[in-house]
Amino acid sequence: MDAVLRLGPASAGAGAALHWHGWLPEGAPRGLVVLAHGYAEHLGRYEYFAGKLNAAGIAVYALDHWGHGKSDGTYGFVPRFSAFTDGIEALLAEVEARHG
């Protein structure tokens, strides 16, 4: 599942669209993993790993950080590190809303 989150007005990346993806196992997941990729990466690099976790019944979520992959932002630049942490917080809230 591909989707987009928008960073709130208080964020260093205010209004930015962040691309995220969820890889879900068949049936109800027995666990959840939220991945945070490194600098100059994107979430697509973790598709194989997510597939292995899915095979074990684990749901996996990841986002392209601000300025990475399909997300908004200037490549190689971030206004403040909080643009990264705000994105992860938004993804965690989305995962919690989906899985409780």
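**Exercise 1. Describe how the chain is built overall, beginning with its contacts and ending with its dimensions.**

Step 1. Among the contacts in the protein chain with a separation of 6 or more, 63% are made by residues 24 or more positions apart. The model examined here is a predicted one.

Step 2. The secondary structure consists of 2 helices and 4 strands, and these elements follow the pattern β-β-β-α-β-α when the protein chain is read along its sequence.

Step 3. For 100 residues, a compact globule would have a radius of gyration near 13 Å, and the value of 13 Å for the protein chain agrees with this. Taken along the principal axes, the C-alpha atoms fill a box of roughly 40 × 25 × 20 Å.

Step 4. Of the 100 residues, 41% count as buried, while the accessible surface comes to about 5600 Å², with 57% of it belonging to carbon and sulfur atoms.

**Exercise 2. Work out the order of the strands in the sheet, and explain why strand 1 and strand 3 stand at its edges.**

Step 1. Strand 1 (residues 2–6) and strand 2 run antiparallel and are joined by 5 bridges; in this pairing, Asp2 stands opposite His21 of strand 2.

Step 2. Strand 2 is also joined to strand 4 (residues 58–63), by 4 bridges, and this pair too runs antiparallel. Here Trp23 has Val60 as its bridge partner in strand 4, and His21 stands opposite Ala62 in strand 4.

Step 3. The 4 strands make an open sheet with the order 1-2-4-3 and mixed pairing. Strand 1 and strand 3 (31–35) each have a single partner strand, so one side of each is left without a neighbour in the sheet, and this places them at the edges. On average, and with direction ignored, neighbouring strands of this sheet are turned by 25° against each other.

Step 4. Helix 1 (residues 47–55) packs on the sheet, where it touches strand 2, strand 3 and strand 4, and its direction makes about 155° with that of strand 4. Helix 2 (residues 82–99) lies across strand 1, strand 2, strand 3 and strand 4, and runs at about 150° to strand 4.

**Exercise 3. Decide whether the two faces of strand 2 are covered or left open, and name the residues on each side.**

Step 1. In a regular strand, the side chains alternate between the two faces of the sheet.

Step 2. On one side of strand 2 are Ala17, His19, His21 and Trp23, and on the other are Leu18, Trp20 and Gly22.

Step 3. These residues are all buried, and both faces are therefore covered, where buried means under 20% relative accessible area. Counted over the whole of strand 2 (residues 17–23), 7 of its 7 residues are buried.

**Exercise 4. Find which residues touch Ser71, and state its polar contacts.**

Step 1. Ser71 lies in the loop between strand 4 and helix 2, and at 5% relative accessibility it counts as buried.

Step 2. When residues up to four places away in sequence are not counted, Ser71 touches Ala17, Leu18, His19, Asp64 and His65.

Step 3. A polar atom of the Ser71 side chain lies 2.8 Å from the backbone nitrogen of His19, and a polar atom of that side chain lies 2.5 Å from the backbone oxygen of Asp64.

**Exercise 5. Describe the surroundings of His37 and of Asn54.**

Step 1. His37 is found in the loop between strand 3 and helix 1, and it is buried, with a relative accessible area of 7%.

Step 2. With neighbours within four places in sequence left aside, His37 is in contact with His42, Leu43, Tyr46, Leu63, Asp64, His65 and His68. One of these, His65, has its backbone nitrogen 3.1 Å from a polar atom of the His37 side chain.

Step 3. Asn54 belongs to helix 1 and is buried as well, at a relative accessible area of 16%. Its contacts, again leaving aside neighbours within four places in sequence, are with Trp23, Leu24, Pro25, Ala59 and Val60.

Step 4. Asn54 and Arg30 are 24 residues apart in sequence, and their C-alpha atoms are 9.8 Å apart in space.

Key:
Residues are numbered from 1 along each chain as its sequence is written. This is a predicted model: local features need pLDDT of at least 70, side-chain atom pairs count only at pLDDT 80 or more; totals for chains, interfaces and linings use all residues. Side-chain values use heavy atoms; hydrogens and water are left out. Buried means under 20% relative accessible area, exposed over 50%, partly exposed in between (1.4 Å probe, protein chains only). Two strands pair if DSSP finds at least two bridges between them. Axes are lines fitted to C-alpha atoms, for helices over the stretch in contact, and angles run from 0 to 180 degrees between N-to-C directions. Contact means heavy atoms within 4.5 Å. A polar contact is a pair of N or O atoms within 3.5 Å; within protein, one must be able to donate a hydrogen and the other to accept it, and residues adjacent in sequence count only if both atoms are side-chain atoms. The radius of gyration is taken over C-alpha atoms; the globule rule is 2.2 Å times the number of residues to the power 0.38. Accessible areas come from the Shrake-Rupley method with a 1.4 Å probe; for residues, only the protein chains shown count as cover.
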